[in-house]
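Colleague: I should be grateful for a close look at a single part of this model, followed outward into its surroundings. Please begin with the sheet.

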Amino acid sequence: MPANAALIGGLIEACHQAIAANADHLSELDRAIGDGDHGTNMRRGFEAVYAERDRLAHLPLPKALEEIGLTLVMSIGGAAGPLYGTLLMEIGRQMAGDADFARVLERAIDAVARRGRAGAGDKTLLDVLYPVHAEVVRRAGLTGIADEAERAASLTFGMKAMRGRAGFLGERSIGHIDPGAKSCALLTAAICRFLEEQGPA
Amino acid sequence: MNSKSANVGIVIVSHSPLVAEGTADMVRQMVGDGVPLAWAGGNADGGLGTNAASILAAIERAWSDAGVAVFVDLGGAETNSEMAIEMLGQARSGRVVICNAPLVEGAVMAAAEASGGAALARVVATAEELSP
């Protein structure tokens with residue numbers, strides 16, 4: 001199998017596995033402050049991507065990421081579909097014209113923030129994406145990035161939700177980890193683990 | 001199929017297919033077949049939720065060259081509607097507006113306005129007057 005196909009196929013498998021193993025936990029987090037479907041929505045999304053993995057693995061990486069994003073939009077639903085979809089589609093689009101991953105990621109995260117009309121501290125997946133980006137910028141190792149993602153997700157525990165269904169709860173949203181931040185950390189960690197196993201890039 | 005209609009189209013998006021369909025029934029009762037009308041509701045598994053694919057399909061069904069006014073309930077409905085509108089492509093996305101208005105009242109008022117041949121901006125403004 002060509003290296004590119006092994007990379008894309010492996011990333012899809014790692015993400016699919018991370019979501020499948022944690023879907024119930026994500027829905028449980030979402031039941032506390034949302035509508036309780038984040039785990040099932042994410043599982044549906046990554047199953048759709050997984051079903052397409054052979055086709056996706058043979059595309060150039062930027063195109064594959066864009067198509068994975070589109071598949072997530074079409075299958076996750078909720079607010080998470082457009083947010084994760086925008087992230088992946090934008091990474092793919094930016095990557096096609098720029099080799100600097102930190103810059104690519106920054107633009108993609110900005111697009112997610114615009115899509116969700118949210119910012120840092122609003123108790124969303126952005127509270128994981130911004131710290132992850134900072135680690136990428138300072139060239140932290142893969143383990144460092146994964147650890148930071150998990151740490152950042154746990155910090156949403158103390159935040160008050162400003163967006164989405166959790167935003168309706170106001171102060172009562174404090175004291176729960178944000179499900180979107182958690183899924184984002186799980187995916188980040190799974191991607192980092194996979195890349196680490198692949199050896200030096 | 002409604003692309004020849006001169007009147008603005010109405011799309012109703014709810015997390016609940018029952019709410020979306022019920023709202024569409026109320027609009028239909030009000031304006032008959034005078035405006036292109038479609039609804040989208042529920043996630044890809046048929047449960048509560050919204051998804052961009054079904055919203056995109058609804059916009060296509062209610063398409064009018066005069067434009068389409070979209071009515072949404074909660075957060076994800078709006079985000080997915082924005083995504084669906086982008087997928088229409090630049091040529092058409094500028095002619096679709098998500099209204100900041102209550103779902104049922106907004107859709108009924110907008111449809112009444114649209115059935116009289118009002119332009120998209122007028123239809124949207126009529127619905128949005130309902131929001132404080």
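Modeller: In this predicted model, chain B contains an open sheet of 4 strands, paired in parallel and ordered 2-1-3-4. Strand 2 (37-41) and strand 4 (96-98) of chain B form its edges, each pairing on one side only. From one strand to the next, the twist averages 20°.

Within the sheet, strand 1 (residues 9-14) and strand 3 (residues 68-72) of chain B run parallel and are joined by 5 bridges. One position can be given by name: B:Ile10 has B:Ala69 in strand 3 of chain B as its bridge partner. In general, the strands of a sheet pair through backbone hydrogen bonds, in either a parallel or an antiparallel manner. A helix also lies across part of this sheet: helix 6 (residues 120-128) of chain B crosses strand 3 and strand 4 of chain B, and runs at about 20° to strand 3 of chain B.

The surroundings include a second chain. Chain A has 10 helices and 0 strands, so that its pattern along the sequence reads α-α-α-α-α-α-α-α-α-α. For its 201 residues, a compact globule would have a radius of gyration near 17 Å, and the 16 Å of chain A agrees with this. Its C-alpha trace spans about 50 × 35 × 30 Å along the principal axes. Of the 201 residues in chain A, 52% are buried. Where contacts in chain A join residues at least 6 apart in sequence, 61% of them link residues at least 24 apart.

Between the two chains, 16 residues of chain A are in contact with 15 residues of chain B. On the chain A side, helix 2 (38-51), helix 4, helix 5, helix 6 (101-116) and helix 9 (164-167) each supply at least two of the residues that touch chain B. By class, this side comprises 4 nonpolar, 8 polar and 4 charged residues.

A:Gly77 shows the contact between the chains at the level of a single residue. A:Gly77 lies in the loop between helix 4 (61-76) and helix 5 (80-95) of chain A. A:Gly77 counts as buried because 30 other C-beta atoms lie within 10 Å, where 20 or more suffice. Apart from neighbours within four places in sequence, A:Gly77 is in contact with A:Asn41 in its own chain, and with B:Asn43, B:Ala44, B:Gly49, B:Thr50, B:Asn51 and B:Asn80. A:Gly77 and A:Arg44 are separated by 33 residues in sequence, with their C-alpha atoms 9.1 Å apart in space.

Notes
Residues numbered from 1 in each chain as written. Chains lettered and ligands numbered in written order. Predicted model: local features only at pLDDT ≥ 70, side-chain atom pairs only at ≥ 80, totals over all residues. Buried ≥ 20, exposed ≤ 12 C-beta atoms within 10 Å, placed from the backbone. Contact = placed C-beta atoms within 7 Å. Nonpolar A, V, L, I, M, F, W, Y, C, P; charged D, E, K, R; others polar. Rg over C-alpha atoms; globule rule 2.2 N^0.38 Å. Pairing = 2+ DSSP bridges. Axes fitted to C-alpha atoms, helices over the stretch in contact; angles between N-to-C directions.
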